[in-house]
Amino acid sequence: MKDTLIKAMACDGHVRIYMCSSTHLIEEARQRFDLWPTASAALGRTLTVASMMGSMLKDEKEQLTIKINGGGPIGTILVDAYPDGHVRGFVSDPHVHYQYNDTGKLAVGIAVGCDGTLEVVKHMTKRDNWRGVVQLQSGEIAEDFARYFTESEQTPSAVSLGVLVDTDHHILSAGGFIIQMMPGAEEEDIVKTEELLKRIQPISALIKEHDSLQDILMNFYDDVRILSEQPIEFRCHCCEATMKRVLTTLPKEERMAMIEQDHGCEITCNFCNERYHFNEQQLRELEDFLDVHAKH
Ligand SMILES: [Zn+2]
């Protein structure tokens with residue numbers, strides 16, 4: 001299945017659904033960072049929910065950042081999402097792998113930990129930035145976001161996120177959904193949704209077995225109305241210029257050491273792990289530029 005995101009309504013417009021398949025996007029993140037399986041699941045679930053949250057932004061210039069730190073061995077998960085459906089993000093330690101002994105499932109809650117917070121910052125264009133923080137419930141990501149939507153955004157929501165990892169570590173399938181109750185939702189809509197959540201398979205299994213998100217959604221409710229569909233992808237907008245800007249934030253002595261001792265430098269973008277090399281001449285030109293433009 002292609003990486004896509006759809007928005008839909010059901011139950012006479014009382015229920016809003018976001019659903020996406022993100023298999024290729026997570027596989028790209030895995031390859032870029034050499035993620036081990038539990039790290040793939042933790043970052044993958046966060047990138048998946050981020051792509052759906054990005055699509056909730058109203059203005060194309062808006063952006064949101066998710067930061068999760070539960071004190072676990074994976075460290076911080078940091079993800080950026082944009083309205084056009086692209087996301088980027090990383091974890092502090094990609095080489096993390098734990099499994100639950102009883103079920104054999106990837107132990108995301110252990111890797112992430114639950115002694116900490118989930119924070120969402122929305123960078124808005126027409127009003128002040130918005131920030132919501134909740135205590136982590138389990139570190140398993142989906143239920144932490146369900147709590148975030150319900151408490152911080154006052155929208156009762158069910159969140160399901162799944163990443164299925166093969167024995168050779170590549171991503172077999174990944175995706176997720178967010179089901180939200182609209183203000184006019186009635187008891188029967190809530191009951192219908194609760195029953196749905198009990199009967200369906202994990203979303204990663206549904207994505208693996210179906211050809212399209214529409215096929216999956218049609219089995220969720222009997223009156224699904226698709227509102228929109230858009231592609232999603234892992235994409236970073238770093239470039240040589242942004243990396244040069246990073247260099248200018250370093251102390252001058254450090255830059256001079258790069259010129260005189262190392263005769264060049266290599267900088268890696270945190271968000272996508274892309275490496276940028278600058279040779280001695282490029283660094284000297286940057287230094288000349290800074291000398292001319294420095295304020296005295
Ligand atoms: Zn980058």
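## Exercises on a predicted model

Tyrosine 82 occupies the loop that joins β4 (76–81) to β5. The structure examined in these exercises is a predicted model.

**Exercise 1.** Determine whether tyrosine 82 is buried or exposed, and identify which residues it contacts beyond its neighbours within four places in sequence.

*Solution.* Step 1: the relative accessible area of tyrosine 82 is 12%. Step 2: a residue counts as buried under 20%, so tyrosine 82 is buried. Step 3: with neighbours within four places in sequence set aside, tyrosine 82 is in contact with Gly54, Glu62, Gln63, Arg88 and His237. Step 4: one of these partners, glutamate 62, is 20 residues away in sequence, while the C-alpha atoms of the two residues are 6.8 Å apart.

**Exercise 2.** Locate arginine 88 and classify it as buried or exposed.

*Solution.* Step 1: arginine 88 belongs to strand β5 (residues 86–91). Step 2: its relative accessibility is 11%, and the cut-off for a buried residue is under 20%, so arginine 88 counts as buried. Step 3: apart from neighbours within four places in sequence, arginine 88 is in contact with Leu47, Leu78, Val79, Asp80, Tyr82, Phe234, Arg235, Cys236, His237 and Phe271.

**Exercise 3.** Describe how helix α1 packs on α2, and state whether the two are oblique.

*Solution.* Step 1: α1 (residues 23–33) and α2 have axes 10 Å apart, and the packing angle is about 135°. Step 2: angles of 65 to 115 degrees count as roughly perpendicular and those over 145 as roughly antiparallel; α1 is therefore oblique to α2. Step 3: the crossing of α1 past α2 is right-handed. Step 4: on the α1 side the contact involves Leu25, Ile26, Ala29 and Arg30, which meet Ser40, Leu43, Gly44, Leu47 and Thr48 of α2.

**Exercise 4.** Give the crossing angle, the handedness and the contact residues of α9 and α10.

*Solution.* Step 1: the axes of α9 (residues 252–262) and α10 (residues 280–293) cross at roughly 150° and come within 9 Å. Step 2: this crossing is left-handed. Step 3: α9 contributes Lys252, Arg255, Met256, Met258, Ile259 and Glu260 to the contact, and α10 contributes Glu280, Leu283, Arg284, Glu287, Leu290 and Asp291.

**Exercise 5.** Establish where the largest nonpolar core lies with respect to the domains.

*Solution.* Step 1: the largest nonpolar core has 69 residues, of which Met53, Ile77 and Phe145 touch the most other members. Step 2: helix α2 (residues 37–54) supplies the largest share, 9 residues. Step 3: the core lies between domain 1 (4–234) and domain 2 (240–293), because both give residues to it. Step 4: a second, separate core comprises 21 residues, including Ala8, Met19, Leu196 and Leu217. Step 5: the contact between the domains involves 8 residues of domain 1 and 5 residues of domain 2, and the domain centres, taken over C-alpha atoms, are separated by 37 Å.

**Exercise 6.** Examine the surroundings of isoleucine 77 and of the buried residues of α4.

*Solution.* Step 1: not counting residues up to four places away in sequence, isoleucine 77 touches Ala42, Leu43, Thr46, Ile66, Lys67, Ile68, Phe90, Val91, Val112 and Ile141. Step 2: in α4 (residues 142–151), the residues Ala142, Asp144, Phe145, Ala146, Tyr148 and Phe149 are buried. Step 3: the buried residues of α4 pack against α2 and against the strands β3 (63–69), β6 (117–123), β7 (130–135), β8 (157–165) and β9 (171–181).

Technical notes
Residues are numbered from 1 along each chain as its sequence is written. This is a predicted model: local features need pLDDT of at least 70, side-chain atom pairs count only at pLDDT 80 or more; totals for chains, interfaces and linings use all residues. Side-chain values use heavy atoms; hydrogens and water are left out. A nonpolar core is a set of buried Ala, Val, Leu, Ile, Met, Phe, Trp, Tyr and Cys residues joined through side-chain atoms within 4.5 Å. Buried means under 20% relative accessible area, exposed over 50%, partly exposed in between (1.4 Å probe, protein chains only). Helices (H or I, at least four residues) and strands (E, at least two) are DSSP runs, numbered from the N terminus. Domain bounds come from an automatic or database domain assignment. Contact means heavy atoms within 4.5 Å. Axes are lines fitted to C-alpha atoms, for helices over the stretch in contact, and angles run from 0 to 180 degrees between N-to-C directions. Angles under 35 degrees count as roughly parallel, over 145 as roughly antiparallel, 65 to 115 as roughly perpendicular and the rest as oblique. A crossing is left-handed if the near helix is turned anticlockwise from the far one by less than a right angle, and right-handed if clockwise.
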